[in-house]
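Visitor: I should like to take a close look at a single part of this model, namely its charged side-chain pairs. Please set them in the context of the chain as a whole.

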Amino acid sequence: MCGDGGGTKQEFAQSARFAGVARNLWGDYKDRFVPVQRQLAGALLADGVDANHQADAAADTVDKAFEAQEQGFDLDLSRRGLALTPEQRVASDRQFDLGRASALVANRNAVRQGVLDTDTALVGGGTLSSAGRGIQMGG
């Protein structure tokens, strides 16, 4: 066998052919797949910025929704001729704030999870063009 330091001419020739095949496969990989992998990595790494921007937009929406809900609550109280005591106002504000914080966290997590799910699908065999990134796979 070649690995033990000896070997026949046929074994050496076969090893040389295998080495040539391996070099050709490596060259093909570098020529065809490395550029696509770099493009994919660039698209996936850029998602951190996109996810934060989308999460901030979701946070603005949640804030506006809770402000509208709080104003509606106050308007409803005034229409009924009711007024909260200072203790009731503190409790009500605390309840609104807890709901707002919970919704903000849930929305931020949902946005980030959506980006992660998209990236996982891409890495697992999805196509970049179908995900709206405008990058074409293939050679």
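How many salt bridges does a search of the whole structure find?

Guide: A search of the whole structure finds 7 salt bridges. The model is a predicted one, and the account below begins with the chain before turning to individual pairs.

The protein chain has 2 helices and 0 strands. Helix α1 covers residues 9–79 and helix α2 covers residues 86–123. Of the 139 residues of the chain, 17% count as buried. The chain exposes about 10,100 Å², of which carbon and sulfur atoms supply 58%. Among contacts between residues at least 6 apart in sequence, 62% join residues at least 24 apart.

One of the salt bridges joins Arg 100 to Asp 63, with 3.6 Å between the closest N and O atoms. This pair links distant parts of the chain, since Arg 100 belongs to helix α2 and Asp 63 to helix α1, with their positions 37 residues apart in sequence. As general background, side chains of opposite charge can pair when their charged atoms come close. The two partners fall into separate accessibility classes: Arg 100 counts as buried because its relative accessibility is 15%, under the 20% cut-off. Asp 63, at 25% relative accessibility, counts as partly exposed.

The surroundings of Arg 100 can be described further. Leaving aside neighbours within four places in sequence, Arg 100 is in contact with Val 62, Asp 63, Phe 66, Glu 67 and Glu 70. The salt-bridge partner Asp 63 is thus one of the residues on that contact list.

A second pair is formed by Arg 80 and Asp 76, whose closest N and O atoms are 3.3 Å apart. Arg 80 is exposed, because its relative accessible area of 60% is over the 50% cut-off. Asp 76 is partly exposed, with a relative accessible area of 34%.

Within helix α2 there is a further salt bridge, in which the side chains of Asp 93 and Arg 89 meet at 3.7 Å, N to O. Both residues lie in helix α2, 4 residues apart, which is about one turn of the helix. Asp 93 counts as partly exposed at 26% relative accessibility, and Arg 89 likewise counts as partly exposed at 26%. Salt bridges that share partners also join Asp 63, Glu 70 and Arg 100 into one network.

Ser 92 also lies in helix α2. Ser 92 is buried, because its relative accessible area of 10% is under the 20% cut-off. Apart from neighbours within four places in sequence, Ser 92 is in contact with Phe 73 and Leu 84. Of these, Phe 73 falls within the residue range of helix α1.

The aromatic side chains offer a complementary view. The whole structure contains 3 aromatic pairs. Tyr 29 and Phe 33 form one that is stacked, with 6.2 Å from centre to centre and 25 degrees between the planes. The angle counts as stacked because it is under 30 degrees. These two residues are 4 residues apart in helix α1, and are therefore separated by about one helical turn. Tyr 29 is partly exposed at 28% relative accessibility, and Phe 33 is partly exposed at 40%. Together with Trp 26, Tyr 29 and Phe 33 form one aromatic cluster.

A remark on confidence completes the picture. The mean pLDDT of the protein chain is 80, and 78% of its residues reach 70 or more. Over residues 128–139 the pLDDT is below 50, although this stretch has 21 contacts in the model beyond near neighbours in sequence. Where pLDDT is low, the predicted coordinates should not be read in detail.

To return to the part under examination, the Arg 100 and Asp 63 salt bridge links helix α2 with helix α1, whereas the Asp 93 and Arg 89 pair lies in helix α2.

Conventions: Residues numbered from 1 in each chain as written. Heavy atoms only, no water. Salt bridge = Lys/Arg side-chain N within 4 Å of Asp/Glu carboxyl O. Buried < 20%, exposed > 50% of the residue type's maximum accessible area, 1.4 Å probe, protein only. pLDDT = per-residue confidence, 0-100. Contact = heavy atoms within 4.5 Å. Phe/Tyr/Trp six-rings, centres within 6.5 Å; stacked < 30°, edge-to-face > 60°. Areas by Shrake-Rupley, 256 points an atom, 1.4 Å probe, with all protein chains shown as cover.
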